[in-house]
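Please open the model in your viewer and keep the selection tool at hand. The stops below are meant to be taken in order.

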Amino acid sequence: PRLFDAIATTAQRRLDGFKPQELANTAWAFACLDCKEPHFLVALAGASAAWMSAMTEEDLSQWYMVSLYYRLEWPDRSFPLS
């Protein structure tokens, strides 16, 4: 958990340099690892919003699965890309 917190903190500082696939892959990886920090997923989703038109079907598919995970974990919260 501390390792993933450190990765999330470092990644969050550099999100403006991530490409669409990198954002989607990072979000999907954290969801697969059962990320319990919704703020990082929201930050990734927010950074991805600017790239929506450049996303591939695979990127969008990953984001869809991340949004499903988010809704299951935090049903009372709204996911930015939903």
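Helices (H or I, at least four residues) and strands (E, at least two) are taken as DSSP runs and numbered from the N terminus. The model is a predicted one, in which local features need pLDDT of at least 70 and side-chain atom pairs count only at pLDDT 80 or more, while totals for chains, interfaces and linings use all residues. Residues are numbered from 1 along each chain as its sequence is written, and side-chain values use heavy atoms, with hydrogens and water left out.

Begin by selecting L15, which sits in the loop between α1 and α2. L15 counts as buried because its relative accessibility is 9%, where buried means under 20% relative accessible area, exposed means over 50%, and partly exposed lies in between (1.4 Å probe, protein chains only). If you then add S53, 38 residues away along the chain, the two C-alpha atoms are separated by 18 Å.

Next, select helix α1, which covers residues 2–13 and contains L3. L3 counts as exposed, because its relative accessibility is 55%. Extend the selection to F4, I7 and L33, which together with L3 make a nonpolar surface patch of about 360 Å². Such patches are made of residues with over 30% relative accessible area and no salt bridge, with like charges joined within 9 Å and nonpolar side chains (Val, Leu, Ile, Met, Phe, Trp, Tyr) within 5 Å; a salt bridge is a side-chain nitrogen of Lys or Arg within 4 Å of a carboxyl oxygen of Asp or Glu. The accessible areas come from the Shrake-Rupley method with a 1.4 Å probe, and for residues only the protein chains shown count as cover.

Stay on α1 and pick D5, which lies in that helix and is partly exposed, with a relative accessible area of 48%. A C-alpha to C-alpha line from D5 to L68 spans 22 Å in space and 63 residues in sequence.

Now select F4, D5, A8, F30, L33, D34, C35, K36, E37 and F40, which line the largest pocket. A pocket here is an open set of points on a 1 Å grid over the protein atoms alone, with protein on both sides within 12 Å along at least five of seven lines, and lining residues have an atom within 4 Å of a point. The largest pocket has a volume of about 180 Å³. Which helix gives the most to the lining of this pocket? It is α1, with three residues.

Within that lining, focus on D34, in the loop between α2 (20–32) and α3 (38–49). D34 has a positive phi of about 60° although it is not a glycine, and at 37% relative accessibility D34 counts as partly exposed.

Move on to P20 in helix α2, which counts as buried at 9% relative accessibility. P20 and F40 are 20 residues apart in sequence, and their C-alpha atoms are 16 Å apart in space.

Finish at Q62 in helix α4, residues 57–73, where Q62 counts as buried at 15% relative accessibility. Selecting A24 as well shows two C-alpha atoms separated by 6.0 Å, although Q62 and A24 are 38 residues apart along the chain.

Key. 1 Å grid on protein atoms, 1.4 Å probe; cavity = no way out; pocket = protein on both sides within 12 Å on 5 of 7 lines; lining within 4 Å. Points joined across faces, edges and corners; volume = space filled by probe spheres on them.
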